[in-house]
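Please look through the sequence and the 3D view that follow, and then read on for a guided explanation of how the chain is put together.

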Amino acid sequence: MKDKGIRIKNTIKQHIANNLKEYIIVTIIFIIGIFLGVLFINNVGDSEKQEITGYLNSFIEKMKNIGSLDYGELLKTSIWQNVLTAIVIWFFGTTVIGIPIVFGILIYRGFCLGYTISTFISTIGIAKGLAFVFSNMLLQTVIFIPAILAISVSGFKLYKSIVKDKRKENVKIEIIRHTIFSALMTILLCLSSVVEVFVSNNLLKIIVKYL
């Protein structure tokens, strides 16, 4: 079991090392999205801030008073959203003209993350905001972000391979590789959904009692 874990770890390290340039590029694009999200929330008007504050306070109060969660429905929704994200990135990653769309999705996901974190911190304070973010987002995000970055890298690598060698055989092989790799990352995305529903939601129910 230990040897298997070491092999998996070494395989991951080798994969990242072989595609380090691509990982750096997609990570920078994702960080740009986070920065835009932070910048946006810090420049909204007073009326918009009041609306956001009202929504968050309402959400927190709802979480305080909520009874049992419908884990089945929450899990189904989360898995569907994550699988859909994976399929969209995979699909556009298989087309030469789709890479800008993949990068656009990364910026959007980064924007959402930056926007959400900044919203909570600016609304309920640094300490409480970070506590909320940790309980509600951190655990599944640690799995989610590397998975979508990896699928994006796979699509980017496919794009570069097709541009370099447009032979039908090469294209077919690279698409199959991209598909298999994306399917494996989709499993990780489903795992992030499980963590979100069964771990993060319960942590959030505990944290909101002190907000």
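Is the crossing of helix 2 and helix 6 left-handed or right-handed? Before turning to that pair, it helps to have the whole chain in view, bearing in mind that this is a predicted model. The protein chain holds seven helices and zero strands, so that reading along the sequence gives the pattern α-α-α-α-α-α-α. Its C-alpha trace spans about 60 × 45 × 30 Å along the principal axes, and 37% of the 211 residues count as buried. The chain exposes about 12,600 Å², with carbon and sulfur atoms supplying 68% of that area. When contacts between residues at least 6 apart in sequence are considered, 85% of them join residues at least 24 apart.

Two packed helices are described by the angle between their axes and the distance between the axes. For helix 2 (residues 20-41) and helix 6 (residues 126-164), the axes come within 9 Å and cross at roughly 125°. Helix 2 is therefore oblique to helix 6, because an angle that falls outside the ranges under 35, over 145 and 65 to 115 degrees is classed as oblique. As for the question of hand, the crossing of helix 2 and helix 6 is right-handed.

On the side of helix 2, the contact is made by E22, Y23, I25, V26, T27 and F30, while helix 6 contributes I145, I148, L149, A150, S152, V153, F156 and K160. Sorted by character, the residues of this contact divide into ten nonpolar, two polar and two charged.

Methods. Residues are numbered from 1 along each chain as its sequence is written. This is a predicted model: local features need pLDDT of at least 70, side-chain atom pairs count only at pLDDT 80 or more; totals for chains, interfaces and linings use all residues. Side-chain values use heavy atoms; hydrogens and water are left out. Axes are lines fitted to C-alpha atoms, for helices over the stretch in contact, and angles run from 0 to 180 degrees between N-to-C directions. Helices (H or I, at least four residues) and strands (E, at least two) are DSSP runs, numbered from the N terminus. A crossing is left-handed if the near helix is turned anticlockwise from the far one by less than a right angle, and right-handed if clockwise. Contact means heavy atoms within 4.5 Å. Ala, Val, Leu, Ile, Met, Phe, Trp, Tyr, Cys and Pro count as nonpolar, Asp, Glu, Lys and Arg as charged, and the others, Gly among them, as polar. Buried means under 20% relative accessible area, exposed over 50%, partly exposed in between (1.4 Å probe, protein chains only). Accessible areas come from the Shrake-Rupley method with a 1.4 Å probe; for residues, only the protein chains shown count as cover.
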